[in-house]
Amino acid sequence: MADARQDSHGCGNCSDSEEDKYSDDDFETSKLGTKEYWEEAYQKELETFKDIGDVGEIWFGEESMSRVLRWMQKAKIPEDAAILDIGTGNGAFLVELAKHGYRNLTGIDYSPASVELARNVLKAEGLTDVTVKETDFLNCGGELAGFDVCIDKGTFDAISLNPDDNKEGKKLYVHTLRGALKDSGIFAITSCNWTKEQLLERFCEGFEFVQELPTPSFKFGGRIGNSVAALIFKRVR
């Protein structure tokens, strides 16, 4: 649950001890953080798509995609901007980006079944000029670079749940993200595991906080909170 505290000052300096406090002891690891889980899940969705044309579950729901798209259009992100969808899943967000006029799109996923599914979904939509690659974001060897926008809806969450050294995985994620983005490039992240404050701590080095996107809120125990955090960052030197 995200609490209701607001931070209008963006990212400050963070130490390892501060990172540990916010980022490593908040919840237990899970099979949702394993490649095996996602490969099995997307293999089932791939088989279903081939049978009946159903694209399967949209991770975080359609509203999460619409939320980011509305911000991109309001921020006047150019239609030729190089956009990376990190953990593309079934490629549903790539389809929506293309329908909104964006034409320099790349989706990556470490699951072979996800990549095959996304390619099939894009082909069914007549979108043959969208790149989808089988790539592990944490082990891409510098392959990813030069993007104007990187978008994450749940991949950082999954990495955070990995039973095998998720602490190192989270640090490697930030390092890879910095390398993938151009200077002043935009990073949009949607998370259901981390609060706004925790994400600000995690992405405090090499990034500048730009904006929090509105997400559904609820009231519990006299406090207003959010079950999902959606933040925009800018890559800085």
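**Briefing: a mixed open sheet and its helices**

Of the contacts in the chain with a separation of 6 or more, 76% are between residues 24 or more positions apart. The model is predicted. The chain contains eight helices and nine strands, and 48% of its 237 residues are buried. About 11800 Å² of the chain is exposed, with carbon and sulfur atoms supplying 46% of that area.

**The sheet**

- Seven strands make up an open sheet with mixed pairing, in the order β3-β2-β1-β4-β5-β9-β6.
- The edge positions are taken by β3 and β6 (207-212); each has a single partner strand, so one side of each has no neighbour in the sheet.
- From one strand to the next, the twist averages 20 degrees.
- Strands β1 and β2 run parallel and are joined by four bridges; within this pairing, Asp85 stands opposite Gly107 of β2.
- Strand β1 (residues 83-86) is also joined to β4 by four bridges, again in parallel, and Ile83 has Val149 of β4 as its bridge partner.
- The pairing of β4 with strand β5 (residues 181-191) is parallel and extends over six bridges; here Lys153 is opposite Thr190 of β5.
- Strand β4 (residues 147-153) is largely enclosed by the rest of the structure, because six of its seven residues are buried.

**Helices on the sheet**

- Helix α5 packs on the sheet and touches β2 and β3. The direction of α5 makes about 165 degrees with that of β3.
- Helix α7 (residues 166-180) also packs on the sheet, where it touches β1, β4, β5, β6 and β9 (229-235). Its direction makes about 135 degrees with that of β5.

**Helix α4 and its surroundings**

- Helix α4 (residues 92-99) has six of its eight residues buried, so the rest of the structure largely encloses this helix.
- Those buried residues are Ala92, Phe93, Leu94, Val95, Leu97 and Ala98.
- The cover over them includes the helices α3 (62-74) and α5 (112-124), together with the strands β1, β2, β3 (131-134) and β4.
- The axes of α3 and α4 come within 11 Å and cross at roughly 35 degrees; the crossing is right-handed.
- On the α3 side the contact is made by Met65, Val68, Leu69 and Met72, and on the α4 side by Ala92, Phe93, Glu96 and Leu97.
- Of the residues in this contact of α3 with α4, seven are nonpolar, none is polar and one is charged.
- After α4 comes Gly101, which has a positive phi near 100 degrees.

**Two residues: one buried, one exposed**

- Thr106 lies in strand β2 (residues 105-109). Thr106 has a relative accessible area of 10% and counts as buried because this is under the 20% limit.
- Apart from neighbours within four places in sequence, Thr106 contacts Ile83, Leu84, Asp85, Leu94, Thr131, Lys133 and Phe147.
- Leu94, one of these contacts of Thr106, is among the buried residues of α4.
- Lys123 belongs to helix α5. Lys123 has a relative accessible area of 65% and counts as exposed because this is over the 50% limit.
- Lys123 and Val95 are separated by 28 residues in sequence, and their C-alpha atoms are 10.0 Å apart. Val95 is one of the buried residues of α4.

Methods:
Residues are numbered from 1 along each chain as its sequence is written. This is a predicted model: local features need pLDDT of at least 70, side-chain atom pairs count only at pLDDT 80 or more; totals for chains, interfaces and linings use all residues. Side-chain values use heavy atoms; hydrogens and water are left out. Helices (H or I, at least four residues) and strands (E, at least two) are DSSP runs, numbered from the N terminus. Buried means under 20% relative accessible area, exposed over 50%, partly exposed in between (1.4 Å probe, protein chains only). Contact means heavy atoms within 4.5 Å. Accessible areas come from the Shrake-Rupley method with a 1.4 Å probe; for residues, only the protein chains shown count as cover. Two strands pair if DSSP finds at least two bridges between them. Axes are lines fitted to C-alpha atoms, for helices over the stretch in contact, and angles run from 0 to 180 degrees between N-to-C directions. A crossing is left-handed if the near helix is turned anticlockwise from the far one by less than a right angle, and right-handed if clockwise. Ala, Val, Leu, Ile, Met, Phe, Trp, Tyr, Cys and Pro count as nonpolar, Asp, Glu, Lys and Arg as charged, and the others, Gly among them, as polar.
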